[in-house]
Amino acid sequence: MAKLRIKDGLFLGKDPADTAVKWAEDHLQMYIVTQSYRDGYVFAAGLEGVSKSLPAAGKAKAMGMAAGETDLRYYFAGGYTVMIELKTSDGKLTSSQKKRI
């Protein structure tokens, strides 16, 4: 799996610590995933936010993919799981996310 690299402290050409930057939700997730790989976390992300063709969407549903799943899931020793739903400052939970969270 390809990992995005952070070069000279910048991610996608921007400083991750710069609060004036308006990050898109997918860019936030890519940054977190990149850092999580670097730090050795065990985690998973779904494909719910990825556009799929109608046949692929039907197959995904048949395989158990469902709307409202969290963006990231982290697995820790002792059976602990932490689920994270990312939102930008103006992002809102969908109705299916509200049911799951």
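This passage describes the fold of the protein, its first helix and its main nonpolar core.

The model is predicted. Its secondary structure consists of three helices and three strands. Read from the N terminus, the order of these elements is α-β-α-β-β-α. Along the principal axes, the C-alpha atoms occupy a box of roughly 45 × 35 × 25 Å. Of the 101 residues in the protein, 20% are buried. Among contacts with a separation of 6 or more, 49% join residues 24 or more positions apart.

The surface was examined next. The protein has an accessible surface of about 7500 Å². Carbon and sulfur atoms account for 58% of that surface. The side chains include 15 positive and 11 negative ones. The centres of these two sets are 7 Å apart.

Helix α1 covers residues 25-39. It contains 15 residues. The distance from the first C-alpha of α1 to the last is 21 Å, close to the 21 Å expected at 1.5 Å a residue. Five names make up the buried list of α1: Gln29, Val33, Thr34, Gln35 and Ser36. The partners of these buried residues are two strands, β1 (42-45) and β2 (72-76). After α1 comes glycine 40. The phi of glycine 40 is positive, near 80 degrees.

Serine 36 shows how one position of α1 is placed. This residue lies within the helix. Its relative accessibility is 5%. Buried means under 20%, so serine 36 counts as buried. Beyond its neighbours within four places in sequence, serine 36 is in contact with Tyr41, Phe43 and Tyr74. Phe43 and Tyr74 also appear in the largest nonpolar core.

That core has five residues. Its members are Val33, Phe43, Leu72, Tyr74 and Leu86. Val33 is also one of the buried residues of α1. In soluble globular proteins, nonpolar side chains tend to be buried together.

Leucine 72 belongs to this core. Residues up to four places away in sequence are again set aside here. Leucine 72 then touches Gln29, Ile32 and Val33, among others. Its contacts also include Phe43, Ala44 and Ala45. Further along the chain, leucine 72 meets Val82, Met83, Ile84 and Leu86. Val33, Phe43 and Leu86, which leucine 72 touches, are fellow members of the core.

Notes:
Residues are numbered from 1 along each chain as its sequence is written. This is a predicted model: local features need pLDDT of at least 70, side-chain atom pairs count only at pLDDT 80 or more; totals for chains, interfaces and linings use all residues. Side-chain values use heavy atoms; hydrogens and water are left out. Helices (H or I, at least four residues) and strands (E, at least two) are DSSP runs, numbered from the N terminus. Buried means under 20% relative accessible area, exposed over 50%, partly exposed in between (1.4 Å probe, protein chains only). Contact means heavy atoms within 4.5 Å. Accessible areas come from the Shrake-Rupley method with a 1.4 Å probe; for residues, only the protein chains shown count as cover. Lys and Arg count as positive and Asp and Glu as negative; His and the chain ends are not counted. The place of a charge is taken as NZ of Lys, CZ of Arg, CG of Asp or CD of Glu. The expected span of a helix is 1.5 Å times one less than its number of residues. A nonpolar core is a set of buried Ala, Val, Leu, Ile, Met, Phe, Trp, Tyr and Cys residues joined through side-chain atoms within 4.5 Å.
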